[in-house]
Amino acid sequence: MRAIQIERPGALRAAGLPEPQPGANQLLVRVHACGVCRTDLHLLDGEVAIPRPPIVPGHQIVGTVIGRGAGAGDSEPLAVGTRVGIPWLGWTCGRCRYCLSGRENLCDRARFTGRDIDGGYAEWVVADARYAFELPVGYSDLDIAPLLCAGLIGYRALRLAGEAQRIGLYGFGASAHIIAQVARFQGRTVFAFTREGDETTQAFARSLGAAWAGSSLELPPEPLDAALIFAAAGELVPAALRATAKGGVVVCAGIHMSDIPSFPYDLLWEERVLRSVANLTRADAFEFLTLAPQVPVRTDVHPYPLADAAQALEDLREGRFNGAAVIEVDTG
């Protein structure tokens, strides 16, 4: 099968690999599309370690179940022919204290799609039947792919903001353009923060309902109740704290972030909270995939053929598009 692998940090290559075979409790999925995530860049750049390279990246996978291993589907209603989504969290032990307390996203032995398990930059993929989700109708394969990480991680970050009404979104990319729509649907006010002078992205944010859009280093017209940071820039943490009202929360939503510079204690004082998001749970997936069609969430998608995966990653790195990039794998 055709695939793209990260061979080692900095080295992405096309590869011809054997078609994978599903093991016990696994599904064989024909990949139609796979969203491109900044985490893929972190893996390629060596900022997030790959335990056993080479690996096929990609963890916003949309495909069709074409086979099942022994036991797969006994407790999960995913018949052959079902369209499914496969996210970042690909396997958990089910036995550690995190799994047993409803925090499987923190599982001690978790495996991640596109890092520990070959991902969706390929024609076929195998997935744990527990971590594949039937997808709602009404979305094309390309349009729904970004919901499987940009959407899911953004949704978890929004949930950790609690009942905050004034929401700041720092880094208005794939996640923010989805979560802005969800926040507006929930009756919240959205403030969008972009690179200084990026008027195109600011206009894009306003088109999605943002009440204000400006530079990440500016103060918004009113204090925020919560700030969600999607950019991997540690210097945004003090900026977000500075923009947040007393008792507010700043949520760092990325798997990797550059070092956070020192900042005066008074930015954190008055019961502000600084926290991170780690991965996702199945509950997040079920909730968000039910909610998204109700909004309805619309994605701004930029498709690339599998052969152009390196270009898609470079365009993401350089901020050459708004919304999300998606690898189109099966064009049949």
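Here a colleague questions a modeller about a predicted model of one protein chain.

Colleague: What makes the protein chain as compact as a globular protein of that length?

Modeller: Start with its make-up: eight helices and 17 strands. The radius of gyration is 19 Å, and the globule rule gives 20 Å for 332 residues. The two values are close, so the chain counts as compact as a globular protein of that length. The C-alpha atoms fill a box of roughly 55 × 40 × 40 Å along the principal axes.

Colleague: How do you know what share of the residues is buried?

Modeller: Buried means under 20% relative accessible area. In this chain, 56% of the 332 residues are buried.

Colleague: What share of the contacts joins residues 24 or more positions apart?

Modeller: Take the contacts with a separation of 6 or more. Residues 24 or more positions apart account for 70% of them.

Colleague: Why is a set of residues called a nonpolar core?

Modeller: Its members are buried residues of listed kinds, including Leu, Ile and Tyr, joined through side-chain atoms within 4.5 Å. The largest such core here has 101 residues. Tyr121, Leu169, Leu228 and Ile327 touch the most other members. Apart from that core lies another, of 16 residues, among them Tyr170 and Val250.

Colleague: Which residues does Ile327 touch, not counting those up to four places away in sequence?

Modeller: Contact means heavy atoms within 4.5 Å. Ile327 touches His32, Ala33, Cys34, Val36, Tyr121, Tyr304, Pro305, Leu306, Ala309 and Ala312.

Colleague: How far apart are the mean positions of the positive and negative charges?

Modeller: They are 5 Å apart, for 30 positive and 37 negative charges.

Methods: Residues are numbered from 1 along each chain as its sequence is written. This is a predicted model: local features need pLDDT of at least 70, side-chain atom pairs count only at pLDDT 80 or more; totals for chains, interfaces and linings use all residues. Side-chain values use heavy atoms; hydrogens and water are left out. Helices (H or I, at least four residues) and strands (E, at least two) are DSSP runs, numbered from the N terminus. The radius of gyration is taken over C-alpha atoms; the globule rule is 2.2 Å times the number of residues to the power 0.38. Buried means under 20% relative accessible area, exposed over 50%, partly exposed in between (1.4 Å probe, protein chains only). Lys and Arg count as positive and Asp and Glu as negative; His and the chain ends are not counted. The place of a charge is taken as NZ of Lys, CZ of Arg, CG of Asp or CD of Glu.
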